[in-house]
Structure formats: structure tokens, C-alpha cells
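Fire up your viewer and keep the selection box handy. We'll hop from one selection to the next, with a short note on what sits at each stop.

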Amino acid sequence: MLIIGIAGGTGCGKTTVVDQIVSELPEDEVCIISQDSYYHDTSHLTLDERTKINFDHPQAIDFELLVSHLKELRAGNSFEQPVYSFIEHNRTGETITTYPKKVIIVEGILILSDPVIRDMFDIKIFVHADSDERLIRRLKRDIATRGRDLEEVLNRYQTTLKPMHQQFIEPTKEYADIIIPTNKYNTVAVEVIRSIIDHKIRLKE
Ligand SMILES: Nc1ncnc2c1ncn2[C@@H]1O[C@H](COP(=O)(O)OP(=O)(O)O)[C@@H](O)[C@H]1O
Ligand SMILES: Nc1ccn([C@@H]2O[C@H](COP(=O)(O)O)[C@@H](O)[C@H]2O)c(=O)n1
């Protein structure tokens, strides 16, 4: 089993890079775990209280649960991955059964910030796009798919996204084995990563 961690600021293109990497891998050989599934359960809060959470701080993430799930996979067991709603700012109560596969990809803004999880990765990748590029993408995506408006995204950007990025996300670049520049689509880097995965899988077989 090969466990790959893919970090990088919001809107840098993590999900896009993951989709590109897995697009040519057999479906039964790869599983994807999103850090978003591990936002703490906030059912005890009202929707209004949930909107005030700082979702870019490491304390917003249930890293303990993520670690325990990765350990299940390493032990050859499946687990139930929570489904998260960006509209409700909470887990939906549904889960996706996630099975151990040859390649496990864990992606999220803060996944290189936790030392225990970091140690579990065979390959650590940081996806980099400039902050103006990320803000533009985040605006477009959040308005189109996450039920946000311009005011909300810009307000969150100034109050939490930018300071949290500088404090907790950008510094984790130093732990990365590979940094992928994604100011534009980077098919060469995706090809390189695919061949590293192929090589490492063969070594482990
Ligand atoms: N290299 C790129 N160039 C232009 N747009 C991109 C690029 N990568 C991703 N996008 C777009 O930017 C938005 C955010 O990308 P996404 O992969 O969801 O980022 P992340 O998972 O890091 O937040 C999406 O709408 C996606 O289509
Ligand atoms: N209820 C939530 C939870 C998180 N966010 C934002 O999502 C970002 C992380 O996801 P990416 O796909 O962009 O990596 C993070 O920056 C949080 O601010 C949210 O808006 N609402």
C-alpha cells in the first residue's frame, strides 16, 4: 500500500490534480480520502453558529479520526468515511464505505500540518498556485457549487483564509517531497507523479 498526501491552499487545484492522477489508474487500485470529510461534527451548533467557525484552522479538523481510519486501511480493513456538506457546514450523517487499495490518496489544505499523519505518507506533495489565482478560483467555485456569495467569500478570505494560509498551510511546503506549480494546468507534473506511483507500487509488490 502506498499512501500519498496532497496539500496546498484552497483553490490551488488539489482536487483537480487528484482527479488527473487517478484518471488512468484502475478504479479498484486507488481510494481517495478528503480532509473535508473530517471537519468536526458540529450538530450541537446552530447553522448561524457553524458559519462563524474558522474552517482553516487545524483545530477544525478531527485528525484523530483521520489517523484511526488510515490505520484501519493499513491493517487491511474498510472504514466509514463521513460525507460533509459545505451548505450545512456539517457532516450529513451519511458515510461512504472506503476499502483498502494499493494507492491511498489523502488530500486537504492542512494534511501536512499534523505530524502523526505526515509520518504516515510515503509521498508528500504540495500543490502551489499564487494567492490571487487561488482567490479567483475559490470565488468562482464557491459561488457556483458551495452556495456562497461574493461578500461571504471575500469576508472569509480576509478574516481567516489568508492569515490561516500564512500561519498553517504555506509553512508545510517544507515537508513536501514534490511541489507542483499549478498557476496553469500542469500535465507534465501529473505524468511524473503517475510514473513515481507506478514505480513505487512495483517495488512494493
Ligand atoms: N491549474 C488550473 N488552472 C485553472 N483553473 C484550475 C486549475 N486547477 C483547478 N482549477 C479550477 O479551480 C477551482 C478550484 O480547484 P480545486 O481542484 O477544487 O482546488 P482545491 O481542491 O485545491 O480547493 C475549480 O473550479 C477548478 O476547476
Ligand atoms: N463548511 C465549510 C468548510 C470548509 N470551507 C472551506 O473549504 C476550504 C477547504 O476546501 P478546499 O476544497 O478549498 O481545499 C477551506 O479553505 C475552508 O475555508 C468552507 O467554506 N465551509
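The tour below starts with ground rules, then goes through the sheet, the core, a loop and the two ligands.

**Ground rules**

This is a predicted model, where local features need pLDDT of at least 70, side-chain atom pairs count only at pLDDT 80 or more, and totals for chains, interfaces and linings use all residues. Residues are numbered from 1 along each chain as its sequence is written, while chains are lettered from A and ligands numbered from 1 in the order in which they are written.

Colour by pLDDT, the predictor's confidence in each residue from 0 to 100: the chain mean is 96, and 100% of its residues reach 70 or more. For the complex, the predictor gives an ipTM of 0.98 and a pTM of 0.96.

**Stop 1: select 103-107**

That's β5; helices (H or I, at least four residues) and strands (E, at least two) are DSSP runs, numbered from the N terminus. Is β5 buried or exposed? 5 of its 5 residues are buried, so the rest of the structure largely encloses β5. Buried here means 20 or more other C-beta atoms within 10 Å of a residue's own, exposed means 12 or fewer, and partly exposed is in between, with C-beta atoms placed from the backbone.

Now show the side chains. In a regular strand they alternate between the two faces of the sheet. Here Val103, Ile105 and Glu107 point one way, and Ile104 and Val106 the other.

**Stop 2: add the partner strands**

Strands pair if DSSP finds at least two bridges between them. Add β1 (2-7): it runs parallel to β5 over 5 bridges, with isoleucine 3 opposite isoleucine 104. Then add β2 (30-34), also parallel to β5 and joined to it by 5 bridges; valine 30 has valine 103 as its bridge partner.

Keep going with β6 (123-128). β6 is parallel to β1, with 4 bridges, and alanine 7 stands opposite phenylalanine 126. β6 also pairs in the parallel sense with β7 (178-181) over 4 bridges, where isoleucine 125 faces isoleucine 178.

**Stop 3: the nonpolar core**

A nonpolar core is a set of buried Ala, Val, Leu, Ile, Met, Phe, Trp, Tyr and Cys residues joined through C-beta atoms within 7 Å. The largest one has 36 residues, and Ile4, Ile6, Val17, Ile104, Ile105, Ile125 and Val127 touch the most other members. β5 gives the most to this core, with 4 residues.

Click on isoleucine 104. Leaving aside neighbours within four places in sequence, its contacts (backbone-placed C-beta atoms within 7 Å) are Met1, Ile3, Ile4, Cys31, Ile33 and Leu73.

**Stop 4: alanine 60**

Jump to the loop between α2 (47-51) and α3, where alanine 60 is found. Alanine 60 is partly exposed, with 17 other C-beta atoms within 10 Å. Beyond residues up to four places away in sequence, alanine 60 touches Tyr39, His40, Ile53, Asn54 and Phe55.

**Stop 5: the ligands**

For each shell, pick residues whose C-beta atom, placed from the backbone, lies within 6 Å of the molecule.

- Ligand 1: 13 residues surround it, the closest being Gly13, Lys14, Thr15, Thr16 and Arg137. The largest share, 3 residues, comes from α1.
- Ligand 2: the residues around it include Thr10, Lys14, Asp36, Tyr39, Phe55 and His89.

Colour both shells by class: Ala, Val, Leu, Ile, Met, Phe, Trp, Tyr, Cys and Pro count as nonpolar, Asp, Glu, Lys and Arg as charged, and the others, Gly among them, as polar. Ligand 1 gets 2 nonpolar, 7 polar and 4 charged residues; ligand 2 gets 5 nonpolar, 3 polar and 3 charged.

Notes
Contact = placed C-beta atoms within 7 Å.
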